[in-house]
Amino acid sequence: MLDRAEHDSTYTEMRQRELLDGFGMVSAEVVSNSVNKHNNYLTINKGEQDGVKPEMGVVCGTGIVGIVYLTSPHYAIVMPLLNSKSNISCCLRGTDYFGYLRWDGRHPLYASLGDIPRHARLKEGMTVETSGFSAVFPAGLFVGKVTKVDGDTLYVKFAKSGQTKKLLK
């Protein structure tokens, strides 16, 4: 049942709501973004007056989006996963293996998860989620699925993202 549920976006959203219960949330919308640059950013319509601060995590219903980089009174700039400077600690669901998710600037739907031990039993279709080894994101938030295994590097397809974002307080 869990295998089937991992592919269901409704399950992902329900699980994410459970994991984020207890976090203060600020709902925001994207007013500007880019996906075709090496270092993309997005702008959201909430800022300091709404309680938004740098280093806050940004999520949507299907997974993580990025981290607040700069703020103004009414807007904030977010460094999304689609930025070559983004470096998110992630793990493989159901294992003790973790590594760092990095985007190489090539394709807006894919990134790589490196630093996984070579002895790890890895396969396509594994779920990648936040590890909880940072103060930004709790453990277990959906990031994407492994689409290719190449030694100790995994290629990950991101979850599709909507326009409405939530910020973790």
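How do strand 9 and strand 10 pair, in the parallel or the antiparallel sense, and over how many bridges? In this predicted model, strand 9 (residues 127-130) and strand 10 (residues 142-150) run antiparallel and are held by three bridges. One of the residue pairs is easy to pick out: Thr-127 has Lys-145 in strand 10 as its bridge partner.

That pairing is one piece of a bigger picture. The chain holds two helices and 12 strands, and a walk along the sequence gives the pattern α-α-β-β-β-β-β-β-β-β-β-β-β-β. Of the 169 residues in the chain, 41% are buried.

Six of the strands close into a barrel, and going around it the order is 6-7-8-11-10-9, with antiparallel pairing. From one strand to the next, the twist averages 40°. As a reminder, strands of a sheet pair through backbone hydrogen bonds, either parallel or antiparallel. Strand 10 also pairs with strand 11 (residues 153-158), again in the antiparallel sense, and here six bridges do the joining. Across this pair, Gly-144 faces Phe-158 in strand 11. The hairpin made by strand 10 and strand 11 has two residues between the strands, and in it Gly-151 takes a positive phi near 65°. Elsewhere in the barrel, strand 6 and strand 7 pair antiparallel over four bridges, with Ser-89 standing opposite Tyr-100 in strand 7.

The loop between strand 6 (88-92) and strand 7 (98-102) is home to Asp-96. This residue is out in the open: its relative accessibility is 76%, so Asp-96 counts as exposed, the bar being over 50%. Between the C-alpha atoms of Asp-96 and Ser-131 there are 9.5 Å, although the two residues sit 35 residues apart along the chain.

Arg-93 belongs to that loop too, while Glu-129 lies in strand 9, so their pairing ties together parts that are 36 residues apart in sequence. The contact itself is a salt bridge between the two side chains, Glu-129 and Arg-93, at 2.8 Å from N to O. Both Glu-129 and Arg-93 are buried. The pair is not on its own, either: Arg-15, Arg-93 and Glu-129 are linked in a network of salt bridges. In general, side chains of opposite charge can pair when their charged atoms come close.

The salt bridge count for the model comes to four. Another of them brings together the side chains of Arg-102 and Asp-115, at 3.6 Å from N to O. It links distant parts of the chain, with Arg-102 in strand 7 and Asp-115 in the loop between strand 8 and strand 9, 13 residues apart. Arg-102 is partly exposed, at 34% relative accessibility, and Asp-115 is partly exposed as well, with a relative accessible area of 48%. A further salt bridge joins the side chains of Arg-106 and Asp-104, at 3.7 Å from N to O. Here Arg-106 counts as exposed at 72% relative accessibility, whereas Asp-104 is partly exposed at 40%.

Asp-115 is worth a second look for its backbone. Most residues other than glycine have a negative phi, and most peptide bonds are trans. Asp-115, which is not a glycine, nevertheless has a positive phi near 70°. Glu-55 is a similar case in that it is not a glycine, yet its phi is positive, at about 80°. Glu-55 sits in the loop between strand 2 (42-44) and strand 3 (57-60), and its 56% relative accessibility makes it exposed.

What about the cysteines? Zero disulfides turn up in a search of the whole structure. Cys-91 is in no disulfide, and the nearest cysteine sulfur, that of Cys-90, lies 7.4 Å away; a disulfide would need the sulfur atoms to be within 2.5 Å. Cys-91 counts as buried at 13% relative accessibility, and Cys-60 counts as buried too, at 6%.

Finally, the surface carries a nonpolar patch made of Tyr-69, Leu-70 and Ile-77, which together have about 260 Å² of accessible area. Tyr-69 lies in strand 4 (residues 63-71) and counts as partly exposed, with 41% relative accessibility.

Definitions and conventions
Residues numbered from 1 in each chain as written. Heavy atoms only, no water. Buried < 20%, exposed > 50% of the residue type's maximum accessible area, 1.4 Å probe, protein only. Pairing = 2+ DSSP bridges. Axes fitted to C-alpha atoms, helices over the stretch in contact; angles between N-to-C directions. Patch = residues over 30% accessible without salt bridge, like charges linked within 9 Å, V, L, I, M, F, W, Y side chains within 5 Å. Areas by Shrake-Rupley, 256 points an atom, 1.4 Å probe, with all protein chains shown as cover.
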